[in-house]
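Got your viewer open? Load the model, switch to cartoon, and keep the selection box handy.

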Amino acid sequence: MKKLMTLALAAAMMLGAATGANAIDFKAKGQWIMSFDYGQHADFRSNQDGRPGSGYKGEDEFEARQRVRLQLDAVASEALSGTVFFEMGDQIWGQDSTGGALGADGKVVELKRAYIDWMVPQTDLKVRMGIQGIALPSFTTNASQIMDDDVAAISLNYQFNENVGLTAFWARPYNDNAGYRYLDDKLLTHRTYGEKNYMDNMDMFAVLLPLTFDGVKVTPWVMYAAMGPGMLGTTLDEKGLSVNSYGNAWNRAASGMTSGFFGTDPVSSYGNAFWAGVTGEVTYWDPFRIAWDVNYGSAAYADEKMNREGWLASLLLEYKLDWGTPGLYGWYSTGDDNNPRNGSERMPVVSANGNNQFSNFAFNGNPYIAREGVLGSTMVGTWGIGARLKDVSFLEDLKHTLRVNFMGGTNAPKMAKYMRYGDRAGKDGTLVMPMGAGAIGSPYYDPMYLTTGDTALEVGLTNTYKMYDNFTVMLDAAYVALWLDDSTSTWGKNPGRSALGGDGVYDAWNVNLSFVYSF
């Protein structure tokens with residue numbers, strides 16, 4: 001009996017040792033944000049002309065909201081781990097649909113990311129599979145104006161030596177959401193029929209080559225995308241002619257990937273998109289820093305009116321001092337010419353959801369959940385120059401950043417007559433899609449469409465106070481003054497000007513107070 005107990009004890013010890021060898025180390029990260037906004041936004045009218053305005057995205061002038069993010073990493077070793085990332089919110093206080101009303105029982109838990117990391121044995125090749133954050137490089141705004149969002153993908157990373165690396169990925173933003181549909185004009189009901197989930201995928205392939213030398217970083221990159229015609233829920237008539245292009249992916253993909261116009265050409269084959277860029281920085285003369293981003297992109301379809309092609313370049317000069325970092329910067333992007341039949345001359349955009357450090361309010365730049373992007377989600381179709389004093393600090397744990405931006409549009413004034421709510425067919429048969437803040441199916445997606453006759457001035461001040469090691473308070477205030485061309489050749493007689501402020505266009509401003517706990 002004694003020998004049996006000894007044998008059992010030895011077996012238990014061996015099992016415990018084996019279990020310990022395969023133990024998983026769990027690590028948790030998270031962030032709580034409480035945010036309070038007050039301002040006047042969206043159509044730049046609000047109550048300033050004595051009539052109620054729409055507010056920013058249909059919101060009140062004052063809004064309170066919160067968001068929680070929780071990340072759990074299961075680490076087996078340096079060569080193997082898994083990550084799941086949940087997000088709860090944004091919850092607007094008092095709003096039932098977001099779980100912020102009395103009772104707070106809304107279904108607001110979202111899966112933000114879920115992926116595994118592993119290394120190929122006996123190599124330094126790192127592999128990530130699953131829903132992950134994918135961002136193309138940017139050294140000026142620190143947020144790509146083409147792709148910066150969560151997406152299902154496989155990414156590979158290999159470091160050849162201390163100077164040369166390689167990153168590649170395949171991503172699938174859309175698939176099995178819509179498919180081909182056909183319209184039977186002989187039926188009074190205009191019933192649609194076709195193949196569900198057929199040719200409705202979008203696949204992206206990219207290669208990045210990060211190069212690092214003494215005081216210099218340069219990353220050239222290229223990306224290609226194949227876009228199925230069913231991705232946009234294309235509806236065809238009996239002759240195979242496109243008569244409708246609303247679909248599941250329209251609001252996000254088509255808003256940045258098509259011109260917003262289409263005619264009667266058949267859309268029955270895959271579209272092709274291509275991007276290329278060279279981004280980098282020079283810190284050799286530290287504390288002086290030079291950074292640049294040069295990006296080009298095109299998207300081509302069977303219907304040439306849907307095509308889109310253009311470029312965007314930006315430059316940043318800054319000098320780091322003991323008390324802060326002053327900087328000068330500028331950008332320029334191609335814009336639409338005056339002919340909608342040849343497509344758009346703006347650079348195509350997949351999804352730019354990063355934090356643009358040039359602007360916290362005019363564009364998407366706020367690091368938390370404050371209201372932003374009152375002019376546009378990206379800088380595509382605009383030009384601008386700016387100056388900032390970054391991270392100015394005179395008291396411990398208190399920093400200030402002041403920005404002043406002057407900007408304008410690069411789109412032809414003649415294009416203003418096509419910007420309106422609702423569909424409209426032009427004299428040449430070109431179908432013009434709706435435009436404006438909140439317009440369903442808007443190919444422009446952004447609240448404002450700036451022409452070469454339109455300008456804007458943004459002034460913003462961001463203050464951050466690190467109250468505790470894990471607790472930050474941010475007070476951000478911004479003002480955007482807008483001057484639109486009211487001549488009859490631009491916005492003066494445009495029926496769609498209601499999308500740009502109704503009978504009057506006014507300035508926009510916002511004050512945000514955020515409390516952020518991170519661990």
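The tour goes from the whole chain to a hairpin, some backbone oddities, a pocket, a cavity and one last loop.

**Before you click**

This is a predicted model, where local features need pLDDT of at least 70 and side-chain atom pairs count only at pLDDT 80 or more, while totals for chains, interfaces and linings use all residues. Residues are numbered from 1 along each chain as its sequence is written, and side-chain values use heavy atoms, with hydrogens and water left out.

**The whole chain**

Colour by secondary structure and you get two helices and 27 strands. Both kinds are DSSP runs numbered from the N terminus: helices are H or I with at least four residues, strands are E with at least two. Now colour by accessibility: of the 519 residues, 49% are buried. Buried means under 20% relative accessible area, exposed over 50%, and partly exposed in between, with a 1.4 Å probe and protein chains only. For contacts (heavy atoms within 4.5 Å), take those between residues at least 6 apart in sequence: 65% of them join residues at least 24 apart.

**Stop 1: the S21–S22 hairpin**

Select 382–395 and 398–409. These are strands S21 and S22, running antiparallel and joined by 10 bridges; strands count as paired if DSSP finds at least two bridges between them. Click Gly384 and look across to Met407 in S22, which stands opposite. Then add 325–333, strand S19, which pairs with S21 in the antiparallel sense over eight bridges. Here Leu328 has Ala387 of S21 as its bridge partner.

Which residue of the two-residue hairpin turn takes a positive phi? Asp397, near 70°, although it is not a glycine. Asp397 counts as partly exposed because its relative accessibility is 39%.

**Stop 2: more backbone oddities**

Most residues other than glycine have a negative phi, and most peptide bonds are trans. Select Gln122, in the loop between S4 and S5. This non-glycine residue has a positive phi of about 65°. Gln122 counts as exposed because its relative accessible area is 83%. Next, zoom to Asp286 and Pro287: the peptide bond joining them is cis, with omega about 20°. Pro287 lies in the loop between strand S16 (271–282) and S17.

**Stop 3: the second largest pocket**

Rolling a probe the size of a water molecule over the atoms shows where empty space is left. On a 1 Å grid over the protein atoms alone, a cavity is a set of points where a 1.4 Å probe fits but cannot get out; a pocket is an open set with protein on both sides within 12 Å along at least five of seven lines; lining residues have an atom within 4 Å of a point. Grid points are joined across faces, edges and corners, and a volume is the space filled by probe spheres set on the points.

The second largest pocket has a volume of about 600 Å³. Select Asp117, Arg128, Gln132, Ser155 and Asn157, the closest to its centre of the 27 lining residues. Elements giving two or more residues to this lining are S2 (62–77), S3, S4, S5 (126–135), S6 (147–159) and S7 (165–174). S5 gives the largest share, seven residues. Colour by class and you should find 14 nonpolar, eight polar and five charged residues. Ala, Val, Leu, Ile, Met, Phe, Trp, Tyr, Cys and Pro count as nonpolar, Asp, Glu, Lys and Arg as charged, and the others, Gly among them, as polar.

**Stop 4: a closed cavity**

The whole structure holds three cavities of 30 Å³ or more. Go to the second largest, with a volume of about 50 Å³. Its lining includes Ser138, Thr141, Asp293, Leu312 and Met379, and by class has four nonpolar, seven polar and one charged residues. The largest share, three residues, comes from S18.

Now centre on Thr141, in the loop between S5 and S6. Thr141 counts as buried because its relative accessibility is 2%. Its side chain makes a 3.1 Å polar contact with that of Ser138; a polar contact is a pair of N or O atoms within 3.5 Å, where within protein one must be able to donate a hydrogen and the other to accept it, and residues adjacent in sequence count only if both atoms are side-chain atoms. Leaving aside neighbours within four places in sequence, Thr141 touches residues including Asp293, Phe358 and Met379.

**Last stop: Thr98**

Select Thr98, in the loop between S3 (80–92) and S4 (109–119). Is Thr98 buried or exposed? Thr98 is buried, because its relative accessible area is 16%. A polar atom of the Thr98 side chain lies 3.3 Å from the backbone oxygen of Gln95.
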